[in-house]
Amino acid sequence: MTEPQEDTSASATTSVFDGVDMPKSYLGRRMAGMSLTSKLIAIGSTFFAVAMASIALTMWVTWQLVGGAAAVNEAGRMRMRGYELALTLTQTSPADRALLIGVVDKRLAAFDDSLALLRVGDAVRPLFVPWDADSRHQFDRVVADWDDLQTKARQIARGERAPDAFPKDVDEFVRHIDDLVSAIERHLARWTGVLHSVQVAMLVLAILSSLALFYALRSLVLEPVSRLKLALGRMESGFFETRVRVSTRDELGALGEGFNAMAAKLESLYVNLEQKVREKTAGLEEQQQRLAALYEVAAFVASTDKLDELAQGFAKQIRRIAGADAVAIRWSNEANERYVLLASDCLPHVMAQEEQCVLSGDCLCGNSLKTGGSLALRVIPIMEASNDMRRQSGTQVRDHCERAGYTTLVTVPLGLHQRTLGEVELFYRGMPVISDSERGLYEALSSHLASAMESLRAAAMGREAAVANERQLLAQELHDSIAQSLAFLKIQMQILRDAMEKNDHSAIEVTMKELDAGVRESYADVRELLLHFRVRTHTDDIEPALRETLSKFEHQAHLKSTLTIHGHGLPLPPDVQIQVLHVVQEALSNVRKHAQATQVWVDVYTQPGWRVSVRDDGQGFDPAAGPPDDTHVGLRIMRERAQRIGGALSFESGANGTRVELRLPPVSASKAPSSLNIASLAT
C-alpha cells in the first residue's frame, strides 16, 4: 500500500491507500480477489503441507534405519549361533550321541527361524532387511552356505563325519554373514545421509517459512493496517478530504471502503454542518408546531361535549393550522350519499346557505368517496375537476367554489374504524404545497374530530338507553302496583253500577268498601314508589341508602327492622347499588303486604363476595308453587334485577318466616368506584 498523500486535483481523491508491491507481483495478482482469511489459510495450509511431508519423510527414513539396525542385530545373533553349533559338535563325546543330535536339531531350528525372520521381516519390532542388489546377493550366499553347513552338522552329530574341519566351515559361513551385515550397513549409511539431508532441509524450510510468513503478514496485514492508521491520524488532524484507494476485495479492502464512506460522511457533515443544523432546527420547530397544534386540538375536542361547538371550534382551529381561506366540515350518511354541513369558518354566506345538504356527485364534496377514490387526503384543482365532472356526467354541477374565487380544494376524510363518516374541506385561493408531514397532521386532526364526534354520539345513545331503561323499570313498577290496583277498581266500579241498577243496598255497601280499600292501597303504592324513587346511593358505601330504606319501611309498615354489616370489602359500583336497593325494597314490600311479620332483619356480607339477606318472622309461602296469579310479579322482577347485575336470588320459607338472599359476583378493583378510600378499608 502506498502512503496516504494529498491530491489537490479536483477529480481525484486527495490521498491513497494501496498494497505495497503485493498486488503487482504474481502472488499478489493471484490473491487479489481473495479474502484476508482465505489468504492466510492458503499460506498456512501450504506451510503446513510442506511441514507434514517433511516430517512424514523423516519418520519413514527413521523407520528404515530402525528396521535395518534390528536386521544387523539378528545377523550378529546368527554368527553367535554358528560358533555355538561348532563348539557343541567339537566338544561333545561320541558316547552322548543321542543328546548331541537333539541339541544340534534345536540349534539348527533356531538358525532357520533367524533366516526366516531376515527374509520376511517383522513390522511390529520393526525388523526388516533394506533390500538392494548387494544385500540380496549376500543373503543368498548365506542361505546357500547354511544349507551346506547344516548338512555337515547333521552328519557329524550322527557320527558319519569327523568334526575336525567343521570350525573352518563355520568361519567361512560367518564371513559371509559379515558380508551381509556390511551390505546392510552400507545401505543404512545411505539412509542416514538422506536423514541428515532431510533434517537440514527441514531446518532451512522452517527458517524460510518463518521469513515468508512474516513477509506475508507484513505485506497483507501489518503494512495496510499501519497505513490505515496513518490515514486515520490525518483525519484526526482535520484533513477530512483524505481517502484510501482500495485494490483488493478482502477484509482490509472492505475496511478501506468503510474508511472512505466514513471520511465522506465526516466531510459532508463538517462542510454542511451549519446548513444541516439550520435544517434540523427548522424541522424541529415545524414538528413542535405540529405537536402543539395536535395537542391543542386534542385538548379542545376532549373538553367539548356539544356537537355544534365541537365542529365550529374545530373548523376555526384547522383553518388557522392549515392556513386555508375557508373551511367546511360535512357529516355523511352511512352510504356516503348525502353530506350535511355541520360547521364552517370564513365560508361565503351563499355557499353556507345553499350547500347545507349536498348529494354526492352534485359538486366536488364527497365525490372522491362516491367514485371509489382514495380515502386519504386529496388536493383537487377546482376548475379542472369541475370540467371533468361536467364532461363525465353531462349535467351542470354546482360552481359556488369558482364564483367565490377558490382555486383549490383539499379534502381530508373523517375516518374511524375503516369507515368514512364525512370529510373536512379546506378551500384555497391558490395552489398550496402540502408536505407529507402536513398530510399526516391533517389526517390525525381529522381522526381526532371523528373520534370525538363518535364519542358524543355514543354518549347520547348511552343516555338515551339509560332513559329508556329507567322508563322500562318505572313501567314495571307502575304495572306491578298502581296498574293492577286501578284494574281492580275498574272491575269494582262495574259491579257498583250493576248493584245501583238493581238497587241492591248490601251489594252497594260491600262494593263501596272494596273501592275504598282499593283506593287506599293505590295511594299506599304511590307513596311507596315515591319513597323508593327518592332513595339515592352513595358512591363509596351502600349502608346509608339501606338505612334510609329501612327507616322509611318502619314508618310505613310500623315494623321493627335491624341492619347488620359484616366485614369490609370493595364497594359496589353505583349501578349495582341501585339494583340491590330495588331488590331489598321489593322484598320489604312483600313482607309488608303478605308476611304478617313483626320484625325484619337485613344482613349484608361483604367477603368473600357481596351477599344481602332479608329475613322476617312472618308466615311463609311455598317458593316452588309460584305466584297465586299473573298479577303478582314481584318475585319475577326481583330475579330479573339480580340477573341484570350478574347475581343469583334464592328463597327459603317456612313456618318461622321467610329468607330472601341475593348473592353477587366478586367485585374487581377496576370496576370499583374511583373515589374508594383505601385507608378506610384498611381501618
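In the predicted model described here, Thr411 has Glu425 of strand E6 as its bridge partner. This pair belongs to a longer ladder, in which strand E5 (residues 408-416) and strand E6 (residues 419-428) run antiparallel and are joined by nine bridges. Both strands are part of an open sheet of six strands, whose order is E3-E2-E1-E6-E5-E4 and whose pairing is antiparallel. At the edges of this sheet stand strand E3 (357-359) and strand E4 (378-381), and because each of them has a single partner strand, one side of each is left without a neighbour in the sheet. From one strand to the next, the twist averages 30°. Helix H8 (residues 307-322) packs on the sheet, where it touches strand E1 (326-332), strand E2 (338-345) and E6, and the direction of H8 makes about 70° with that of E2.

Within this sheet, Ser344 offers a view of a single position, being found in strand E2. The relative accessible area of Ser344 is 18%, and since a residue counts as buried under 20%, Ser344 is buried. When residues up to four places away in sequence are not counted, Ser344 touches Gln312, Ala315, Val327 and Ala328.

A helical part of the model can be described around helix H4 (residues 133-157), which has 25 residues. At 1.5 Å a residue, H4 should span 36 Å, and its end C-alpha atoms are indeed 36 Å apart, so the expected and computed values agree. Among the buried residues of H4 are Phe139, Val142, Val143, Trp146, Leu149 and Ile156, and the polar residues Ser135 and Gln138 are buried as well. The cover over the buried residues of H4 includes helix H2 (36-91), helix H3 (97-120) and helix H5 (166-236). After H4 comes Gly159, which has a positive phi, near 85°.

Two packed helices are described by the angle between their axes and the distance between the axes. For H4 and H5, the packing angle is about 160° and the axes lie 9 Å apart. Because angles over 145 degrees count as roughly antiparallel, H4 is roughly antiparallel to H5. The crossing in which H4 passes H5 is left-handed. Residues of H4 that meet H5 include Asp134, Arg141, Asp145, Trp146, Leu149 and Lys152, while those contributed by H5 include Phe166, Asp169, Phe173, His176, Leu180 and Arg186.

H2 and H4 pack at an angle of about 20°, with their axes 11 Å apart. Because angles under 35 degrees count as roughly parallel, H2 is roughly parallel to H4. H2 passes H4 in a crossing that is left-handed. On the H2 side the contact is made by Met78, Leu85 and Leu89, and on the H4 side by Val142, Trp146, Ala153, Ile156 and Ala157. Trp146 is thus listed in the contact with H2 and also in the contact with H5.

Further along the chain, strand E9 (residues 611-616) is mostly covered, five of its six residues being buried. Strand E8 (residues 599-605) runs antiparallel to E9, and six bridges join the two strands; within this pairing, Tyr605 has Arg611 of E9 as its bridge partner. The connection from E8 to E9 is a hairpin through five residues. E9 also pairs in the antiparallel sense with strand E11 (residues 657-663), over five bridges, and here the bridge partner of Ser613 is Glu661 in E11.

Key
Residues are numbered from 1 along each chain as its sequence is written. This is a predicted model: local features need pLDDT of at least 70, side-chain atom pairs count only at pLDDT 80 or more; totals for chains, interfaces and linings use all residues. Side-chain values use heavy atoms; hydrogens and water are left out. Two strands pair if DSSP finds at least two bridges between them. Helices (H or I, at least four residues) and strands (E, at least two) are DSSP runs, numbered from the N terminus. Axes are lines fitted to C-alpha atoms, for helices over the stretch in contact, and angles run from 0 to 180 degrees between N-to-C directions. Contact means heavy atoms within 4.5 Å. The expected span of a helix is 1.5 Å times one less than its number of residues. Buried means under 20% relative accessible area, exposed over 50%, partly exposed in between (1.4 Å probe, protein chains only). Angles under 35 degrees count as roughly parallel, over 145 as roughly antiparallel, 65 to 115 as roughly perpendicular and the rest as oblique. A crossing is left-handed if the near helix is turned anticlockwise from the far one by less than a right angle, and right-handed if clockwise.
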